[in-house]
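The following paragraphs offer a guided reading of a protein structure for someone who meets it here without prior acquaintance. Please keep the sequence and the model in view while reading.

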Amino acid sequence: MPPVLTRGRSLRVALLALGAAALPSLASALPFWLRLPENVSTYGGQIDGLFYLILWITGIIFVAVEALLLFFLFRYRHREGRAAKYTHGSNRLEVIWTIVPAIICVVLAMMSRRSWAEIKQSMPQGAMNVEIVAEQFAWNLRYEGRDGKLNTPDDVVSLNQLHIPVGRPVIVSLKSKDVIHSFFLPEFRVKQDAVPGMTTRIWFEATRVGSWEIACAELCGLGHYRMKGFVTVDSPEDFDRWLAEQAAEAAKEADQRS
Ligand SMILES: [Cu+2]
């Protein structure tokens with residue numbers, strides 16, 4: 001027996017199909033200065049689709065409202081001998097412009113819910129773990145060493161240099177030593193506050209090799225502008241080599257000290 005399509009289900013399927021068909025074309029119709037930066041994250045496309053959809057809806061409403069405002073300013077300008085008329089307004093119009101935005105908000109919430117659950121509420125399997133501690137004005141990074149566990153003697157630490165392998169999810173445990181910072185990777189569509197006294201977990205996965213910037217997106221003090229790091233996405237072999245080099249260097253330094 002074919003699956004029964006209830007009314008709610010058909011509506012959802014129709015909305016998703018409409019969204020899937022319309023979203024890719026939304027970005028290409030925008031001028032370059034309204035487009036988002038390059039996307040190198042597996043879930044970036046979903047987020048961009050929602051952003052562009054909201055931008056189009058609010059953009060069209062903004063232009064229509066401003067055009068009407070100008071039209072009415074001109075149409076009902078002062079003229080000698082024309083008296084103002086008092087009106088109670090229109091109940092029907094008020095119901096329409098209350099219900100239409102409410103429906104738009106509910107549809108957007110339904111469309112965002114799935115992405116939110118996927119990105120924020122569950123962590124991927126087989127991910128690499130990195131601990132990042134923000135402080136005024138730097139990013140302290142800690143990688144799991146050969147044992148695949150964090151906070152053991154073979155951990156590798158680095159300052160402001162985040163290296164990750166391409167095609168493997170990374171889970172970041174984010175902390176702060178002093179004030180609230182915000183870990184921002186624009187090209188990965190990642191932005192998360194680092195709050196003193198708590199650990200926040202986020203994940204992302206790179207789709208291509210390259211180098212981009214880590215920014216702090218929270219005004220965290222006088223040196224906020226120079227709280228900058230770099231994220232380098234390596235091939236898995238290059239990443240393993242980099243991690244081994246860092247571990248060897250740390251071991252040499254420890255030897256020299258003792
Ligand atoms: Cu900061």
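Does Cys-220 count as buried or exposed? The model under discussion is a predicted one, and in it Cys-220 has a relative accessibility of 6%. Cys-220 therefore counts as buried, since the cut-off for that term is under 20% relative accessible area.

Cys-220 also leads to the metal site. Its SG atom is one of the protein donors of the copper ion, together with ND1 of His-181, SG of Cys-216 and SD of Met-227. These donors lie 2.1 to 2.5 Å from the ion. Along the chain, the donor residues follow the spacing H-x34-C-x3-C-x6-M. His-181 belongs to strand S6 (residues 181-185) and Cys-216 to strand S9 (residues 210-216), so this pair ties together parts that are 35 residues apart in sequence.

What is the arrangement of the 4 donor atoms around the copper ion? The angles that they subtend run from 90 to 124 degrees, and the arrangement is therefore tetrahedral. The assignment holds because four donors count as tetrahedral if all angles lie between 85 and 135 degrees. For comparison, the ideal angle for four tetrahedral donors is 109.5 degrees.

Burial can be followed further among the donor residues. His-181 and Cys-216 are both buried; for Cys-216 the relative accessibility is 8%. As for bonds between cysteines, the structure holds 0 disulfides. A disulfide is a covalent bond between the sulfur atoms of two cysteines.

Strand S6 contains another residue of interest, Leu-185. With a relative accessible area of 0%, Leu-185 is buried. Its C-alpha lies 9.8 Å from that of Gly-229, although 44 residues separate the two in sequence.

After S6 comes a loop that leads to strand S7 (190-194), and Arg-189 lies in this loop. The phi angle of Arg-189 is positive, near 60 degrees, in a residue other than glycine. Most residues other than glycine have a negative phi. Arg-189 is buried, with a relative accessible area of 15%. A contact between a charge and a ring involves Lys-191, which lies over the face of Phe-184 at 4.5 Å from the ring centre.

The next part of the tour turns to the strands that precede this region in sequence. Strand S1 (residues 128-135) and strand S2 (residues 138-143) run antiparallel and are joined by 6 bridges. The two strands form a hairpin with 2 residues between them. Across this pairing, Glu-131 stands opposite Arg-142 in S2. Val-130 lies in strand S1 and counts as buried, at 0% relative accessibility. Between Val-130 and Tyr-143 there are 5.0 Å in space, C-alpha to C-alpha, and the two are 13 residues apart in sequence.

The loop between S1 and S2 includes Phe-137. A cis peptide bond, with omega about 0 degrees, joins Gln-136 to Phe-137. Most peptide bonds are trans.

Strand S2 also pairs with strand S3 (residues 156-159), in the antiparallel sense and over 4 bridges. Here Tyr-143 has Val-156 in S3 as its bridge partner. Asn-160 is located in the loop between S3 and strand S4 (161-165). Asn-160 is not a glycine, yet its phi is positive, at about 60 degrees. It is buried, its relative accessible area being 18%.

Another antiparallel pairing connects strand S5 (residues 170-176) with S8 through 5 bridges. In this pairing Val-172 stands opposite Ile-202 in S8. How many of the 5 residues of strand S8 (residues 200-204) are buried? The count is 4, so S8 is largely enclosed by the rest of the structure.

A final subject is the aromatic residues. The whole structure contains 9 aromatic pairs. One aromatic cluster is formed by Phe-71, Phe-72 and Tyr-76. Arg-77, in turn, lies over the face of Phe-74, at 4.3 Å from the ring centre.

Notes:
Residues numbered from 1 in each chain as written. Predicted model: local features only at pLDDT ≥ 70, side-chain atom pairs only at ≥ 80, totals over all residues. Heavy atoms only, no water. Donors = N, O, S within 2.8 Å, 3.2 Å for Na, K, Ca; no water. Tetrahedral: all angles 85-135°; square planar, octahedral: opposite > 155°, others 65-115°. Buried < 20%, exposed > 50% of the residue type's maximum accessible area, 1.4 Å probe, protein only. Disulfide = S-S within 2.5 Å. Phe/Tyr/Trp six-rings, centres within 6.5 Å; stacked < 30°, edge-to-face > 60°. Lys NZ or Arg CZ within 6 Å of the ring centre and 35° of its normal. Pairing = 2+ DSSP bridges.
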